[in-house]
Amino acid sequence: MKKSILIILLLLIFSLSPMQLIVSAFDENLEVVVYSVYDEDFNLLFQKDVVEVGDSYLSKDYKFYEVVFIDDDTHKGIAKFIKQMPKPNISVNKGSIPIKITDKTIAMYSTHNDESYVPTDGVDSVYGNGGIKDVALEFKKQLEKHFIDVYYDDTLHIPHDSGAYGRSVNTAKKLQSTYTPDAIFDIHRDGTSRKFYVANVDGVERGRVRMVIGKSNPNMALNEEFAMYLMAVGNELYPWLFTDIYYGKGHYNQSLDSKAILFEMGCHLIEKELMLDSMKELAEVVNTAMYGTTVNTNTGDITVNGFESEEEVIVNEIMEEKENDNTNILVVCIVVVVFSVVSLYAIIIFASNVNKSKKETSIIPEMKK
């Protein structure tokens with residue numbers, strides 16, 4: 001009897017993967033809460049594991065919504081339609097690629113290293129590097145095929161809590177100061193239903209990607225502009241690839257760079273293999289959008305595989321110029337503020353001395369009397 005019980009226990013133990021054993025030791029609650037958010041006509045807009053009132057959402061057809069209600073008991077919410085964003089006027093040059101850039105650098109890291117894929121990894125979270133690292137490394141590999149120097153830092157930022165971004169910002173700053181990348185990507189995976197991140201392309205399932213922008217950082221407008229360039233090019237090359245652009249209340253370390261993007265590589269319920277397979281297309285979109293797409297500085301029209309000229313500037317250079325302009329404006333503002341404070345202090349000192357001098361002058365005649 002004892003021998004039978006022992007055999008059963010051993011079978012149960014060895015039926016668990018190493019990852020499951022690790023998670024069992026460090027994480028007692030693996031359940032991922034999924035919020036479903038609807039428009040005002042109760043049509044499903046999107047799903048996400050963390051949603052707050054005030055978050056925003058841009059659909060693939062450029063409709064902009066803001067979350068106005070969340071019920072934490074039912075995990076459902078309502079988003080109000082705000083406006084129809086103008087769709088970019090984009091064309092594709094079918095000829096040979098005219099732009100040749102040899103100096104291309106991208107940096108990557110993962111704030112939530114633990115994130116994993118249940119169907120493949122067996123669990124949704126690992127106390128260490130989870131399945132998301134495999135996807136990040138595949139993304140790196142595919143970017144490198146486009147002759148991009150990619151630096152991926154797998155420094156751990158666990159546990160997966162509110163302090164993770166405070167830890168990962170040091171990794172992002174290190175990458176930025178060491179390599180001066182053209183863009184810096186934070187690689188995540190989302191928590192939603194599987195169907196939200198799976199597209200059927202000619203009878204084949206493909207994994208999809210969401211871009212996330214932080215509303216609490218001074219670079220938000222530039223981050224959004226860059227994300228929209230990526231989505232515009234993605235919609236042309238692989239219409240199934242991007243789900244949307246999500247605007248969360250956090251900062252997500254995106255104040256560090258105008259081209260800092262948080263990528264959600266599928267969700268916890270999708271097979272990791274689907275996301276690995278989609279990294280080829282994502283890498284092509286990133287490379288094409290950043291280094292092979294021009295923007296007309298007069299009209300704003302976008303040309304994939306465009307020719308550079310005085311009016312046609314590649315996306316990477318457009319974003320760099322705008323970031324430099326913002327930096328220059330910030331420097332000027334700081335100088336103006338400092339000058340104003342110093343001037344005010346000088347005026348106060350001068351006025352104080354004048355008053356003191358007047359008092360001394362008025363006292364002298366009294367002393368003579």
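This passage looks at a four-stranded sheet and the helices around it in a predicted model. Residues are numbered from 1 along each chain as its sequence is written, and side-chain values use heavy atoms, with hydrogens and water left out. Since the model is predicted, local features need pLDDT of at least 70 and side-chain atom pairs pLDDT 80 or more, while totals for chains, interfaces and linings use all residues.

The sheet is open, with mixed pairing and the strand order β6-β16-β15-β17 (strands are DSSP runs of E, at least two residues, and helices runs of H or I, at least four, numbered from the N terminus; two strands pair if DSSP finds at least two bridges between them). β6 (90-92) and β17 (312-314) sit at the edges, each pairing on one side only. On average, neighbouring strands are turned by 30° against each other, direction ignored. Three bridges join β6 to β16 (residues 302-304) in the parallel sense, and Ser91 has Thr303 in β16 as its bridge partner.

Two helices go with this sheet. Helix α6 (residues 220-237) packs on it, touching β6, β15 (293-296) and β16, with its direction at about 50° to that of β6 (contact means heavy atoms within 4.5 Å; axes are lines fitted to C-alpha atoms, for helices over the stretch in contact, and angles run from 0 to 180 degrees between N-to-C directions). Helix α7 lies across β15, β16 and β17, at about 40° to β15.

α7 (residues 272-291) also packs with α4 (residues 132-144), at an angle of about 35° and with the axes 8 Å apart. Among the residues that meet here are Phe139 and Leu143 of α4 and Met275 and Met279 of α7.
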